[in-house]
Amino acid sequence: MATVKIACVQLCPGNDMPANLAAIDGAVRQAAAAGAQLVMLPEFAAFLDRNGRAMAQAAQPFERHPAAHALRDCARTHRVWLLAGSLTVRLNSPADKLANRSVLFDRDGHVVATYDKLHLFDARLPDGREIAESRAYQPGDRAVLAATPWARLGLSICYDLRFPALYRALAQAGASVLCVPSAFARETGRAHWHALLRARAIENGCYVVAAATCGDHPGPWHTYGHSLVVDPWGAIIAEAGETPDVLLCDLDLDAVARARTALPSLSHDRPFQLCTLFQP
């Protein structure tokens, strides 16, 4: 049986990057001591502030980003593969925009893959607050499938979760684990988080691993927590609460093949025409 022990780390980051990085290192140390081979962090793990100016000031080009260097050393020190859920990276572009970038390090600290968030959240929340990520961030333009010694990971970030075509493409390209690091708002998390993650697992016969932020952050900003691991049949096999935690879970990767054999819908997609009918 092909298995991998993963750790899904739930954090409550703020706007003190050294403190956040210390919390990450402690969680990764704990996960590694428990035998985790692959550790996943949430979105904005190294710095989170509701104020866009604070986020921009903390951003650096990837090559000299202090969090990127610290996380590389963390992976190497603790001898784990480490998915940095996302870092705010300054791009070399005329618009001086940022990327919300997920980074996968191997156990030697080498960068294996990077993914820039495709879908940007521009919306007015039920409480009246407005979020316009596109003002500061440049969307990515590629889906990313990353090879590890155990499985191919399909990379995504938070709001991507609402766009099932991305996960379909990743699964059909060979992903057996879909990663969804997130900083999901408390309001929408209560309504949609579990349903969306389970749906992505069921639709694609994949494990879904969603490391999340939790608690209250500067700004103010409140995130939902409830980091989840969902199996390819849609069952929740590990879940955190609303405080920092380290979820440890063994993934039986043969379960992916069993689910896809039982429900081979990945090979059943058909082209179709959309017909719009107008009623008189």
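## Contacts around helix α4

Contact here means that heavy atoms lie within 4.5 Å of one another, and with that in mind we can look at helix α4, residues 164–172, in this predicted model. The buried residues of α4 are Leu-166, Tyr-167, Arg-168, Leu-170 and Ala-171, and the elements that cover them include the strands β5 (111–116), β8 (145–147), β9 (152–155) and β10 (177–179), together with the helices α5 (186–204) and α6 (254–262). After α4 comes Gly-174, a residue whose phi is positive, near 120°.

## Strand β1 and its partners

Strand β1, which spans residues 3–10, is mostly covered, since six of its eight residues are buried. With strand β16 (residues 245–252) it pairs in the antiparallel sense over eight bridges, and within this pairing Val-4 stands opposite Leu-251.

With strand β2 (residues 38–40), β1 instead pairs in the parallel sense, over three bridges, and here Cys-8 of β1 has Met-40 as its bridge partner. To pass from β1 to β2 the chain runs through helix α1 (residues 17–33), and this β-α-β crossover is right-handed.

## Two nonpolar cores

The largest nonpolar core contains 52 residues, and those with the most contacts inside it are Val-177, Trp-193, Leu-197 and Leu-251. If residues up to four places away in sequence are not counted, Val-177 touches Met-40, Ala-151, Arg-152, Leu-153, Gly-154, Tyr-207, Val-209, Leu-251 and Leu-253. Apart from this core lies another, of 44 residues, among them Ala-31, Leu-71, Ala-84 and Leu-87.

Methods
Residues numbered from 1 in each chain as written. Predicted model: local features only at pLDDT ≥ 70, side-chain atom pairs only at ≥ 80, totals over all residues. Heavy atoms only, no water. Buried < 20%, exposed > 50% of the residue type's maximum accessible area, 1.4 Å probe, protein only. Helix = DSSP H or I, 4+ residues; strand = E, 2+ residues; numbered from the N terminus. Pairing = 2+ DSSP bridges. Right-handed = clockwise from strand over helix to strand, strands pointing away. Core = buried A, V, L, I, M, F, W, Y, C linked by side-chain atoms within 4.5 Å.
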